[in-house]
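Work through the following exercises with the sequence and the model side by side. Each one sets a task and then gives a solution in steps.

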Amino acid sequence: MQTAPPEPAVAEILGFLSRGYPRSAAERATAFLAEQPDHAEVQRLYGVALFRLQESEAAIAALTRAVELAPESPIAAWGLAEALQAAGRGEEAEGVLLRLLDCKAEEPVALLFLSRLRAAADDGEAAYDYARRALAADPEVEGGRRILAFLAYKRGELREAAELLLPGRVQKRDADRSCLLARALYALGRGGHLARLPPAAAAAQRYNEAVLQALAAWRENRVDAVLPALEAAAAETGLSPEDPLVGVSATTAELLRRLLAYRDGHGDLYRGEVSALIVALGDSHCLSAAHLVVPWQGGKALILPEPLLEAAPSTLLSARPKPLQAAFRLALDRMPKGALPAIFLGELDLRLTQGLFARLHGESESVLLERMRALADDLAEFIAAEGRARGLTPILVTPPASNAPLTLVPDAQRGRFLAAHKRFVATLREAAARLGLPLLDLRAVTQSGERVDARRYIDTNHLWPDAVVEAFARHQDLSEQSPS
């Protein structure tokens with residue numbers, strides 16, 4: 001066992017680090033360790049100083065020695081794991097933390113860091129399990145509720161995410177730059193809770209949450225509340241237009257204003273039964289003409305937009321992508337009685353294709369196309385099965401043909417993107433015929449060669465409302481369908 005260090009020396013090193021002088025901290029630690037080389041805490045502080053000086057290998061060596069001297073120290077293991085992760089050695093970082101768990105079972109700090117590492121490795125299930133264990137071991141572990149809520153949201157466990165975040169927001173006004181709590185409440189249809197959240201401290205968060213409140217009002221057919229919420233968002237100042245989260249909300253706010261104007265000019269779409277069926281579901285940026293109700297067969301048709309897609313593209317590429325399935329089930333469960341669902345797939349092909357490029361970019365064209373075929377086939381079968389479980393026959397709606405998303409794809413990959421997009425749509429057509437699903441082929445309606453009439457689009461790939469109405473009006477197969 002090492003002898004206790006002189007408190008003044010440790011305090012001096014900590015003081016250098018806290019004031020931003022890692023070089024002085026490293027020099028003082030070096031002098032101390034020359035006399036007491038087996039002092040674990042000073043060895044750890046030496047490694048921290050080297051890490052802050054970006055001397056990666058020396059920091060890892062020092063922190064490795066600190067862990068050897070104090071194998072049950074969570075803070076030493078955390079420091080070494082952090083240095084290893086920063087050096088791109090994630091598997092070694094996991095090994096350090098797992099060895100700590102062998103010494104101290106269910107150590108919350110180690111479990112939470114393991115959750116972070118598994119999330120970075122795109123292993124959402126293991127990340128979620130580690131985070132739950134960390135919170136079970138210590139409900140107050142720093143960052144635990146926030147990390148578990150994020151992972152629960154990714155899994156489609158929206159209620160769990162909201163319950164984890166709501167107490168902290170109400171009591172402490174916790175920072176939530178990504179508006180995760182507000183997005184979960186919105187997706188759950190809890191517009192009342194969303195409207196009663198205490199004002200956020202940051203202007204960008206207040207702006208984004210006001211736009212979400214406007215979306216919730218639109219979804220609940222409280223049209224008179226939409227514009228006041230948009231005006232509250234517009235009143236926020238000091239926002240950065242380069243902030244991608246603000247940019248997404250700004251686009252959504254503009255689309256909402258356009259749809260309000262469209263509604264005012266097309267009262268025939270919003271009469272009688274139809275007015276009760278206006279539903280907007282899904283991710284805060286997925287606001288498109290698919291949020292309109294098409295007055296088909298006595299006002300019984302309802303378009304459900306894609307319940308997109310907070311999950312990373314790679315998450316969606318699992319054999320059974322739970323976040324996507326959970327979102328579809330939520331949409332169908334919330335559908336008013338007597339309405340007929342049309343599953344609008346909009347951007348889904350883009351997201352999946354981007355994920356495939358990230359994962360399979362070194363694979364052959366045939367492997368890429370086969371994976372896209374399998375994904376589209378599984379998706380159609382899932383939609384058909386969910387419809388059967390509810391006594392419904394959903395309408396499958398293909399993505400539109402748009403050249404705009406190609407701006408998101410590197411030039412060298414555009415040919416592969418187009419091929420994968422076509423395979424996705426062709427598989428949906430084949431699956432619809434095999435499964436007995438009516439199909440609304442927006443690609444066929446909007447396509448002219450590889451170009452699209454720009455007047456059909458509000459922005460990159462959001463259709464103007466009349467384009468969807470026109471597509472339904474031209475769809476011959478649907479004339480023989482009748483809602484349940």
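**Exercise 1. Describe the surroundings of arginine 44, and decide whether arginine 44 is buried or exposed.**

Leaving aside residues up to four places away in sequence, arginine 44 touches Leu63, Ala66, Ile75 and Ala76, where contact means heavy atoms within 4.5 Å. The model is predicted, so local features need pLDDT of at least 70 and side-chain atom pairs count only at pLDDT 80 or more, whereas totals for chains, interfaces and linings use all residues. Residues are numbered from 1 along each chain as its sequence is written, and side-chain values use heavy atoms, with hydrogens and water left out.

Next, place the residue: arginine 44 is found in helix 3 (residues 40–52), helices being DSSP runs of H or I with at least four residues, and strands runs of E with at least two, numbered from the N terminus. Its relative accessibility is 10%, so arginine 44 counts as buried (under 20% relative accessible area, with exposed over 50% and partly exposed in between, for a 1.4 Å probe and protein chains only). Finally, the side chain of arginine 44 makes a polar contact with the side chain of glutamate 41, at 2.9 Å (a pair of N or O atoms within 3.5 Å; within protein, one must be able to donate a hydrogen and the other to accept it, and residues adjacent in sequence count only if both atoms are side-chain atoms).

**Exercise 2. Check the span of helix 7 and examine its packing and its ends.**

The expected span is 1.5 Å times one less than the number of residues; for the 13 residues of helix 7 (residues 108–120) this should give 18 Å, and the end C-alpha atoms are 18 Å apart, which agrees. Among the buried residues of helix 7 are Leu111, Phe113 and Arg118, and the buried residues pack against helix 5 (74–86), helix 6 (90–103), helix 8 (124–137) and helix 9 (144–154). At the start of helix 7, a side-chain oxygen of glutamate 107 reaches to within 3.0 Å of the backbone nitrogen of valine 109, while the helix is followed by aspartate 122, whose phi is positive, near 65°.

**Exercise 3. Locate leucine 440 and relate it to isoleucine 395.**

Leucine 440 lies in strand 4 (residues 439–440), and its relative accessible area of 2% makes it buried. Although leucine 440 and isoleucine 395 are 45 residues apart in sequence, their C-alpha atoms are 6.9 Å apart in space.
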